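Dear colleague,

I am passing on the model we spoke about, and I would be glad if you could look through it alongside the notes below.

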Amino acid sequence: MSFEPPIVYRKVFLLRASPFMVDFSGSDDQCLFVFSSMLLLVLIGKKLTTLALFSDQDTGNKVSRRGSSIDVTSCSSFMKHAHAKAHTPTLPATIQGPQNITLGGKTIIHPGVILRGDLKRQGIGNKASVVLALGKYSLIGEGCVIRPPGKCYRGVFNFYPVRIGDHVHIGPGSIVEAAQIGNFVQIGKNCIIGKFTMIKDCVKIADNTVIPDMSVIPPFAHISGAPGKHIEDLPESTEEIMIVKTKAFYNRFRADSSLVGHPSRERS
């Protein structure tokens, strides 16, 4: 024999399952209608917020223009947990000196990313010059910082350009001051890529790895640790694997926090 909760308790439960936390006294049908309306408004509002998080360019680039502050949860997840989840708000992507930055197409720039295109060599003045160049199908994870490396030469301090190839994924929270990153490279979260580092094609950098300044990472190397050390060689199919992974991630990309940062967090 199943237990049927009292009508008054059932009314309060239904409405407290909504994020508005509103008590309502009325018939069961009125209570269900109000709750359903609230749920529909929440889902529509989150969908509109999601669409506004990223600006789409003609070349397919997706650049964060607002901070992400809510998860886009499904209806089943909403009913399961009763309350919409929220995560720590983040700032929109900061792109300084955009005239000095080139995006190869179908590149995703997540919230909190900082691109320092304003740090260029002295003597150029206001003339545009490429400081940061990102290839196609590249993903810059949430909170990453990419800035050109600098050094003092003959008593003058200057910055030098950063070149990032195609099909490159950089995980959340990483700091990059490399001179060059080749094609088909995967960099994990919270990594530090030292000044003037050169990373060749088909390289994997594990999470929390620190690459010292002036390092040269050979092709097909898997690097891990602080400082980073070679732990194994990657298979010859790495190029094909990265192409499939980056294209699939871009095609399935949705501007919600569950996909922010790295392809390993992509929904199945």
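How far apart should the ends of H4 be at 1.5 Å a residue, and what span do its end C-alpha atoms show? Please keep in mind throughout that this is a predicted model. The 14 residues of H4 should span 20 Å, and the end C-alpha atoms are 20 Å apart, so the expected and the modelled span agree. Thr238, Met242, Thr246, Phe249 and Tyr250 are the buried residues of H4, and, seen down the helix axis, the buried residues fall within an arc of 95 degrees, so they line one face of the helix. This can be set beside the general rule that an α-helix has 3.6 residues a turn, so residues three or four places apart point the same way.

The cover over the buried residues of H4 includes strand E2 (62-64), strand E5 (108-109), strand E8 (139-140), strand E13 (169-170) and strand E16 (186-187). On the face turned away from that buried side, H4 carries the exposed residues Val244 and Asn251. Valine 244, which lies in helix H4 (residues 238-251), has a relative accessible area of 58%, and it counts as exposed because this value is over 50%. Its C-alpha atom is 9.3 Å from that of histidine 167, although valine 244 and histidine 167 are 77 residues apart in sequence.

Turning to the interior, the largest nonpolar core has 30 residues, of which Ile146, Ile170, Ile181 and Ile187 touch the most other members. At least two residues of this core come from each of strand E7 (132-134), strand E12 (162-164) and strand E22 (221-224). A second core, separate from the largest one, has 6 residues, including Ile108, Leu139, Phe249 and Phe253. If residues up to four places away in sequence are left aside, isoleucine 181 touches Arg163, Ile164, Gly165, Val168, Val176, Ile187 and Ile199.

As for the strands, 6 of them form an open sheet with parallel pairing, in the order E4-E7-E12-E15-E18-E21. Strand E4 (101-103) and strand E21 (216-217) stand at the edges and have a single partner strand each, so one side of each is left without a neighbour in the sheet. Strand E18 (residues 198-199) runs parallel to E21 and is joined to E21 by 2 bridges, with methionine 198 standing opposite valine 216 in E21.

With best regards

Conventions:
Residues numbered from 1 in each chain as written. Predicted model: local features only at pLDDT ≥ 70, side-chain atom pairs only at ≥ 80, totals over all residues. Heavy atoms only, no water. Core = buried A, V, L, I, M, F, W, Y, C linked by side-chain atoms within 4.5 Å. Buried < 20%, exposed > 50% of the residue type's maximum accessible area, 1.4 Å probe, protein only. Helix = DSSP H or I, 4+ residues; strand = E, 2+ residues; numbered from the N terminus. Contact = heavy atoms within 4.5 Å. Expected span 1.5 Å × (residues − 1). Arc of directions from axis to C-beta. Pairing = 2+ DSSP bridges.
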